[in-house]
Amino acid sequence: MSSSRWAAFLRGLNEFYAGPYRATLARAQRDEDDHFMLVVLAESLGVPDPAAYHTVELLPAVYEDFHAWHTRIGMDRSPLDHISCC
Amino acid sequence: MLLTDIARRRVIFVGGKGGVGKTSLTSALALARARQGARVLVVSTDPAHNLGHLWQRAVGNSATLLWAAGDGPGRVDGIEIDPAATVDRHLAAVSETMTRMLPDRLHRAARAHLEQARDAPGTHESAVLERVAETLELGLDRYDLVLFDTAPSGHTLHLLAMPERMTGWTEQLLANRDRSERFRSAYGALGGTKDTSDRDAELRRMLLRRRARFSLIRDLLDDGDRTGFVLVFVAEPVPIAESIEVAASLRDLGIVLIGAVANRLSPADLMPLRRARENTLIADLSLGAPLTRIPLVDEVVGLPALEAIAAELTPAP
């Protein structure tokens, strides 16, 4: 067996074991990020946010991921009237 | 002796029910300390500001001179906190960041979003807290004493509880960022790629800055050697009942009550019956702090009136 085929086999083996864990970790991170997004957007989603004064300064950093977020949580269109990302 | 207890500290909050003479007492305390050579900053957090009227000066959102000793360092400066101006400034700064970070097509939406935050329920008090933090930093840096003339009790207790609550809030969000970061690096170690590190660093920087500020105020409030509360009331049943509740709330918050002031006591010669009733009400009152009695001073406007009250606070030489 040539060394390149051996390397490909090792990669496949690695993928076989690591793949599922990677998916789990990616999902766990996404859950944390979704939670954060909800906190920051609370006021716009109709949840009164007593800390809106402070959350609003976090908004610029999450705004760009907004489209990815609302499509992933099952809303095809932007749930916010004034954010027309799609 | 109230003035001695105040002289030992850097920050004093003066509170009590509306209309009991908090502003005049705060101002008289400031004047009495300034006469002893202290540099004093008086900050009004009450949206219905009276500081300017009392000193007969235009006082605004930045420090204005109210009184200065002819010789020596003693002086009194005043600030009337303007939450609306603070909200404007804050939202303008965020808007500037957004314009820089976001593509053009999102600008209009971002601005609409900011307008919602302006009207959100906690925005006004967050702005007051922000200004309290700023004036505290200014006060600790350039003055010997900062006196806060606060809004009526309920608002003030809420304001004093906020630093603790907001420290917890930023800590929760930072923990969320930590977990997200750990999952991301574990994901990366298993061969995944997703680079959001710039954004995360920015979020973390903002949260850390907020937490530092909130915990600074919280630590200051918790420190009875530097910070104290003075409770003002008039000798009538309702203000006294409220004062008992405020004293209990302050104990729960861990804030030291250093003095209670029975203000505007009726003159014994002109109104003997009324004065007797007031004396009975405060005789067996126990708020857990020494009680100071201040007689009624006519027409509390201008320096002479403040000097009359200050004289009541200063021990005879």
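A residue counts as buried when its relative accessible area is under 20%, as exposed when that value is over 50%, and as partly exposed in between, using a 1.4 Å probe and protein chains only. By that yardstick B:Gln56 is exposed, because its relative accessibility is 56%. Keep those cut-offs handy for the rest of the tour.

A word on ground rules: this is a predicted model, where local features need pLDDT of at least 70 and side-chain atom pairs count only at pLDDT 80 or more, while totals for chains, interfaces and linings use all residues. Residues are numbered from 1 along each chain as its sequence is written, chains are lettered from A and ligands numbered from 1 in the order in which they are written, and side-chain values use heavy atoms, with hydrogens and water left out.

**The sheet in chain B**

Helices (H or I, at least four residues) and strands (E, at least two) are DSSP runs, numbered from the N terminus. Two strands pair if DSSP finds at least two bridges between them. With that in mind, chain B holds an open sheet of eight strands, in the order β3-β4-β2-β5-β1-β6-β7-β8, and its pairing is mixed. The edges are β3 (64-68) and β8 (291-295) of chain B, each with a partner on one side only. From one strand to the next, the twist averages 20°. Angles here run from 0 to 180 degrees between N-to-C directions, with axes being lines fitted to C-alpha atoms, for helices over the stretch in contact.

Let's zoom in on β5(B). How many of its residues are buried? Five of the five are, so β5(B) is largely enclosed by the rest of the structure. In general, side chains in a regular strand alternate between the two faces of the sheet. Here, B:Leu145, B:Leu147 and B:Asp149 point one way, while B:Val146 and B:Phe148 point the other way.

On one side, β5(B) (residues 145-149) pairs with β2(B) (residues 39-44) in the parallel sense, over five bridges. Strand β1(B) also runs parallel to β5(B), and four bridges join them. Strand β2(B) has five of its six residues buried, so it too is largely enclosed by the rest of the structure. It also pairs with β4(B), again in the parallel sense, this time over six bridges.

Which residues face each other across these strands? Here are some of them:

| Residue | Stands opposite |
|---|---|
| B:Val40 | B:Leu145 in β5(B) |
| B:Val42 | B:Leu147 in β5(B) |
| B:Val43 | B:Phe148 in β5(B) |
| B:Val11 | B:Val146 in β5(B) |
| B:Ser44 | B:Glu80 in β4(B) |

**Helices worth a look**

Contact means heavy atoms within 4.5 Å. Helix α2 (residues 22-35) of chain B lies across strands that include β1 (11-15) and β4 (75-80), running at about 170° to β5(B). Helix α11 (residues 303-313) of chain B lies across β3 and β8, at about 145° to β8(B).

Then there's α7(B), residues 153-189. Its 37 residues reach 55 Å from first C-alpha to last, close to the 54 Å expected at 1.5 Å a residue. That expected span is 1.5 Å times one less than the number of residues. A kink of about 35° lies at B:Met162, shortly before the proline B:Pro163. The bend at a residue is the angle between axes fitted to the seven residues ending there and the seven starting there. After the helix comes B:Gly191, with a positive phi near 100°.

**Positive phi beyond glycine**

Most residues other than glycine have a negative phi. B:Gln56, in the loop between α3 (51-55) and β3 of chain B, goes the other way with a positive phi of about 55°. B:Arg264 also has a positive phi, near 55°. This residue sits in strand β7 of chain B and counts as partly exposed because its relative accessibility is 33%.

**Where the chains meet**

Across the interface, 37 residues of chain A are in contact with 50 residues of chain B. How much area do the two chains bury between them? About 3900 Å², with 67% of it on carbon and sulfur atoms. Of the area that chain A buries against chain B, A:Gln29, A:Tyr53 and A:Glu57 supply 20%, more than any other three residues. Buried area is the accessible area (1.4 Å probe) that two parts lose on being put together, summed over both.

Finally, A:Val47 lies in the loop between α1 (3-41) and α2 (52-55) of chain A. With 48% relative accessibility, A:Val47 counts as partly exposed.
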